[in-house]
Amino acid sequence: AVAISRDAKYLATISAGAVQRVCVWRWTHATETPVCSAELRPEFGRQDYVVFNPQNPYEFVSNSQTQVIFYLWVRSSPGPTRTAAPLSSQTFSKAVGRFSQSVFHFDTSRALTGTSAGKLVLWDEVRPRPQPREPLAKPHAMKAIKLVPLQKDGLTVLTAVDSYFVTGDVKGDVKFYDGQLQLLNWCSHLRAGPIRSISFSKAPPGASAGCARSCTSDSSNSVSFTLNRDFILSTADATVLHVATDGTKYEKVMEEAKRAVTAIACHPSQALLAVGSHCGLLKVWDYEQTKYLVSRIFVEAGIQCLSYDPEGSLLAAGFTDGSVYILDAISLQSNCKEFKFSRGPVTHLSFSHDSEYLATADEKLSVTVYRRVLRNGQRCWEHLAGLRSHYKPVRSILFGVQLDSDEPRLVSLGEDRQLVEYDLNSSSKDRLVVLRRERVEQAAVPLCLAWYPQLSTESFLLTANSCYKMKLYNSTTKMCRKTVLGPTYGSPLEKMQILPTTNPADPQKRYLAYVTKDKVGVQILPVDGNPHKSCAFICHPDGVAELATSYDGRYVFTAGGDDRIVMKWEVNLPALEAAVALGGQDLVPFYNLLDGGRDGEFFRELEDYFYYAQLRGHGIDTMGTRQVSTHIPLEEIPFVMRAMGFYPSEEKIEDMINEVKFSEYVDTGKQVTKINLGDFIKLYINHRPAFGLSMKKIRRAFQVLGYDNENGEKVIDRGDLLLLLQRRGEHMTEEELAACLTTLLGMNPEGGTAEPGTCDTSG
């Protein structure tokens with residue numbers, strides 16, 4: 001909850017954590033810490049409403065459904081003084097109900113709280129409170145002195161405007177009371193659902209003497225009162241109404257999704273955004289004019305995902321019951337009868353570049369393909385085939401274009417670490433053929449996939465995984481060609497899309513939009529691990545459900561799922577380019593990622609190991625003249641990496657060596673056999689764990705592999721550990737294991753098998 005004081009100087013916030021924290025902020029000051037704060041006890045319940053005393057900015061009140069708390073604070077005190085006012089059904093021998101909202105009285109020192117039983121609790125001070133100029137003279141206490149029954153229906157909103165109290169209830173009625181809680185006026189035929197908030201317009205100039213007429217359908221029971229303010233109200237069923245105070249106009253401002261919004265899609269050539277929700281509501285907006293254009297409600301099931309075809313004439317919708325609708329993009333009328341070949345909710349949709357194929361993925365781990373055919377002289381869609389091609393959830397499904405033709409190609413990526421490519425030409429009715437299946441990760445989980453723009457002569461697929469790494473795979477061989485450090489903003493990338501070209505004069509300038517668990521960001525391409533090339537902002541604190549980009553690359557849209565919010569973000573590319581320039585050129589950004597930077601002890605140690613590796617390459621004991629070089633052989637890379645505390649697996653070592661070896665092959669046809677210090681630093685930063693090796697991971701290994709000893713400690717039997725190293729994962733031979741152990745124990749200081757003849761593994 002959040003509230004702003006009447007003088008607009010202070011904010012009061014209540015966090016949503018398990019242990020709630022109430023804070024007061026002087027938001028106009030350049031500080032990141034609150035003026036005062038305090039933690040609330042769990043027995044107070046989940047405090048979800050807060051409001052300031054309009055007469056005194058040093059006083060505010062909050063409430064949960066079961067507890068009302070009054071606060072006094074001063075700048076010199078680290079925490080506010082708070083009073084948890086007791087109240088139960090025994091206090092007045094009447095049912096109180098659950099608290100909804102509270103408000104301070106505009107004329108007295110009292111306060112009021114609305115309840116679900118249609119009653120108002122009247123609170124009054126037990127001891128005199130301080131004056132506004134004396135913020136905290138001594139602690140004060142508030143006590144419930146009266147329970148006022150107003151109506152039978154529960155009160156959901158309680159606020160004050162001018163010299164009136166205003167209530168909203170579960171039936172959608174709005175009522176006005178004076179300071180003595182005498183009913184003055186009410187609006188009872190709004191045909192709205194339970195009211196969640198009421199907001200009044202500013203009083204027009206010279207309106208103090210005006211008199212508004214009654215809003216009730218039975219004007220004989222109403223009393224005229226002075227209030228020349230229109231108001232808007234929002235309801236629990238996602239409707240916003242504008243109401244004129246004289247009761248003559250009721251305007252529905254908007255009616256939005258009542259359940260989670262998980263589906264958004266942008267038109268490929270127009271400023272149109274389609275939004276679908278789990279309540280079955282599909283709406284299309286003109287996002288330049290922020291204007292609603294057309295809608296359709298599906299009563300059968302909720303909308304889970306949306307996708308426009310590349311031509312922009314069709315809109316495909318995947319539903320929570322597994323059905324797929326193909327709609328006209330303008331009228332939203334069905335282009336053909338709906339399909340229902342998925343057994344679970346449809347999670348992904350993708351059209352081919354020529355709009356001839358549509359592929360879907362569902363929660364039951366299946367990929368289904370539909371194709372457009374000519375039947376009786378008309379173009380229509382039919383089901384081609386489906387396949388349960390993954391054994392864990394599908395994260396992405398994408399169409400691309402064959403390198404040697406204009407034929408579409410289809411790939412899918414799952415949490416099972418499998419990248420699957422399908423052979424559409426060989427597929428037939430009810431038979432979807434897999435062309436190739438590749439495991440793309442060893443330990444991390446791949447989370448999203450995109451076709452990398454053609455920035456070189458080589459074609460790539462781009463993936464992002466759970467370890468904050470982004471990887472480029474050759475689209476034909478599926479070889480990992482590059483691994484870089486991805487954006488590290490609290491959680492890994494969940495979805496990503498390549499932004500359309502914004503500058504035709506410079507087609508090499510490309511950008512990537514992405515979302516993490518709760519943030520949206522932009523990354524400059526090509527990816528290289530430079531942290532200044534990306535930025536991110538919090539968008540949906542409870543989690544992002546979907547990402548979409550406009551056809552011109554100017555806007556990014558995010559959907560928040562259960563918060564039912566769709567946000568439109570403007571992409572400011574010059575600001576991001578400026579951040580890159582300020583971050584430094586060449587190796588400067590990478591130096592800053594090393595402990596201590598360019599002048600630190602870690603860098604000097606890295607230089608020592610690098611030059612020691614040169615000596616090893618020439619042979620430690622050689623007496624001949626040494627050729628000084630700025631490079632080391634690729635075979636020395638894993639030894640220097642381990643010396644720096646990064647212990648890559650054999651597969652990662654192969655990826656690192658291949659990354660350097662084939663870095664120039666497409667352009668020159670030659671393999672690289674050595675690496676310099678600058679490129680090695682980039683390689684080290686991009687491949688090492690994003691946050692280092694933590695004790696948490698080590699303890700986790702003991703928990704999985706070990707057992708509890710007599711002292712309750714997790715231990716691993718020596719024999720079991722040696723057997724595991726030789727039989728599970730990347731198998732180590734007995735000789736490799738002996739070489740490692742002798743080196744670690746200081747019995748073989750020259751680095752094990754890199755120096756032939758220095759390790760005796762006999763016995």
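This is a short guided tour of the structure, with a selection to make at each stop.

**Start with the whole chain**

What you have open is a predicted model, so read every distance below as a value computed from that model. Show the C-alpha trace and turn it around: along its principal axes it spans about 110 × 80 × 55 Å. Colour by secondary structure, and you will see 10 helices and 50 strands. Of the 763 residues in the chain, 49% count as buried. Now think about which parts of the sequence meet: among contacts between residues at least 6 apart in sequence, 47% join residues at least 24 apart.

**Select residues 254-295**

An unreviewed UniProt entry lists residues 254-295 as "repeat: WD". Colour this span by secondary structure: 60% of it is strand and 0% is helix. The C-alpha atoms at its two ends lie 13 Å apart.

Inside this span, pick Glu-256 and Lys-283, and show their side chains. They form a salt bridge, with the closest N and O atoms 3.0 Å apart. Glu-256 sits in the loop between β20 (250-255) and β21 (261-266), while Lys-283 belongs to strand β23 (residues 281-286), so the pair ties together parts that are 27 residues apart in sequence. Which of the two is buried, and which is partly exposed? Lys-283 is buried, with a relative accessible area of 8%, whereas Glu-256 is partly exposed at 23%.

**Move on to Tyr-287**

Tyr-287 is in the loop between β23 and β24 (291-297). With a relative accessible area of 4%, Tyr-287 is buried. What does Tyr-287 touch, not counting residues up to four places away in sequence? One group of its contacts is Gln-270, Ala-271, Leu-272 and Leu-273. The others are Ser-550, Tyr-551, Tyr-555, Phe-557 and Lys-568. For a sense of scale, draw a line from Tyr-287 to Thr-476: their C-alpha atoms are 38 Å apart, and 189 residues separate them in sequence.

While you have Tyr-551 and Tyr-555 on screen, add Asp-552 and Arg-554. The side chains of Asp-552 and Arg-554 meet in a salt bridge, 3.8 Å from N to O. Asp-552 counts as buried at 18% relative accessibility, and Arg-554 is partly exposed at 39%.

**Select Asp-309**

Next comes a charged residue without a salt bridge. Asp-309 lies in the loop between β25 (303-308) and β26 (314-319). Asp-309 is buried, yet the nearest side chain of opposite charge, that of Arg-372, is 5.3 Å away. A salt bridge here needs a nitrogen and an oxygen within 4 Å, so a separation of 5.3 Å does not qualify. Leaving aside neighbours within four places in sequence, show what Asp-309 does contact: Pro-268, Leu-314, Phe-351 and Ser-355.

**Tour the other salt bridges**

How many salt bridges does the structure hold? There are 27. A good one to zoom in on is Asp-124 with Arg-110, where the closest N and O atoms are 3.3 Å apart. Asp-124 lies in strand β11 (residues 119-125) and Arg-110 in the loop between β9 (99-104) and β10 (111-115), so this pair links parts that are 14 residues apart in sequence. Asp-124 is buried at 17% relative accessible area, and Arg-110 is partly exposed at 32%.

**Check the cysteines**

Searching the whole structure for disulfides gives 0. Select Cys-380, for example: the nearest cysteine sulfur, that of Cys-336, is 7.5 Å away. Cys-380 is buried, with a relative accessible area of 16%. Then try Cys-535, whose nearest cysteine sulfur, that of Cys-539, is 12 Å away. Cys-535 counts as partly exposed at 28% relative accessibility.

**Finish at helix α7**

Select residues 677-687 for the last stop, helix α7. This helix is mostly covered, with 9 of its 11 residues buried. Among the buried ones are Leu-677, Phe-680, Ile-681, Tyr-684 and His-687. Now add Asn-676, which caps the N-terminal end of α7. A side-chain oxygen of Asn-676 lies 3.3 Å from the backbone nitrogen of Gly-678, and Gly-678 is itself one of the buried residues of the helix.

Conventions. Residues numbered from 1 in each chain as written. Predicted model: local features only at pLDDT ≥ 70, side-chain atom pairs only at ≥ 80, totals over all residues. Heavy atoms only, no water. Helix = DSSP H or I, 4+ residues; strand = E, 2+ residues; numbered from the N terminus. Buried < 20%, exposed > 50% of the residue type's maximum accessible area, 1.4 Å probe, protein only. Lys, Arg positive; Asp, Glu negative; His and termini not counted. Contact = heavy atoms within 4.5 Å. UniProt positions renumbered as here; feature names shortened; annotations may be inferred. Polar contact = N/O pair within 3.5 Å; in protein donor to acceptor, adjacent residues only side chain to side chain. Disulfide = S-S within 2.5 Å.
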